[in-house]
Amino acid sequence: MATILFPRGGHSQEQSVEILSITNGQQLLVEVEQHGRAVRLACLQAPRFHQEPWAEFAQSVLESHVKRGDQASFELRSRDVYGRLVGRLFVNGKDLGAQLVRQGSMMAWDGFVGRCDDLNYIELEQAAKDAGLGLWSASPPLERPWDVMESAGGGEP
C-alpha cells in the first residue's frame, strides 16, 4: 500500500479505488489495494452535521455522484491526524470535489491539510454563490462550517 501512502518523488499520484460507502458530505470509505480506508475530500468543507438541512443536502449530492461499488481514481494530497487520506477523487475522469462545489453543496476551504492553491474551487464557489445554488440559497446565510467548529471548540473537520 506504499504507493497511496507515500507518493514517490513528492508528486501526487492517482490510485484506483472502489467506493465502499459514503460517511458524510465530505468523507467516504474506499477500498484501495484490498484495504478499507477513510478518504476526506481535500480543500472542501461540508456543512456540519447539525447545520440541517444542509449537511444532509451535501451528503445527498455526493451520493448522486457516487455509490457503493463505483470505481474512481484517488489523488493523495495529505494525511490527517484522524488517519484519513486527504485528496481528490476523480469519477469518470471528473474531479468530484469541483462538481460538489459547483452545485453549491460544499464550501471551498484551504484551512485544512492538503495543497489547495492549484485548484479552482474558490472560483467555482463564487459562481455557485452568485447563482444562489444549494447552500448559497440559505436565508439567513449559512454560517461557515469552520466558524461553527471553532465556536464549538473544535471537532473533526
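These legends go with four close-ups of a predicted model.

**Close-up 1. Trp54 and Phe57 make an edge-to-face pair.** Search the whole structure for aromatic pairs and you get one. Here the ring centres of Trp54 and Phe57 sit 5.6 Å apart, with the two planes at 85°. Planes over 60 degrees apart count as edge-to-face, so that's the label this pair gets.

**Close-up 2. Both rings of the pair come from helix H2.** This helix covers residues 54-65, and Trp54 and Phe57 are three residues apart in it, about one turn of the helix. How buried or exposed is each of the two, Trp54 and Phe57? Trp54 has a relative accessible area of 17%, and because buried means under 20%, Trp54 is called buried. Phe57 comes in at 25% relative accessibility, so this residue counts as partly exposed.

**Close-up 3. Cys43 and Cys116 are joined by a disulfide.** A disulfide is a covalent bond between the sulfur atoms of two cysteines. The whole-structure search turns up one of these. The sulfur atoms of Cys43 and Cys116 are 2.1 Å apart. Which hand does the link have? With -95° about the S-S bond, the Cys43 and Cys116 link is left-handed.

**Close-up 4. The disulfide of Cys43 and Cys116 ties together distant parts of the chain.** Cys43 sits in the loop between strand S3 (35-41) and strand S4 (44-45). Its partner, Cys116, is in the loop between strand S8 (107-108) and helix H4 (121-131). That puts the two cysteines 73 residues apart. Both Cys43 and Cys116 are buried.

Technical notes: Residues are numbered from 1 along each chain as its sequence is written. This is a predicted model: local features need pLDDT of at least 70, side-chain atom pairs count only at pLDDT 80 or more; totals for chains, interfaces and linings use all residues. Side-chain values use heavy atoms; hydrogens and water are left out. Rings of Phe, Tyr and Trp (its six-membered ring) pair if their centres lie within 6.5 Å; planes under 30 degrees apart count as stacked, over 60 as edge-to-face and the rest as tilted. Helices (H or I, at least four residues) and strands (E, at least two) are DSSP runs, numbered from the N terminus. Buried means under 20% relative accessible area, exposed over 50%, partly exposed in between (1.4 Å probe, protein chains only). A disulfide is a pair of cysteine sulfur atoms within 2.5 Å.
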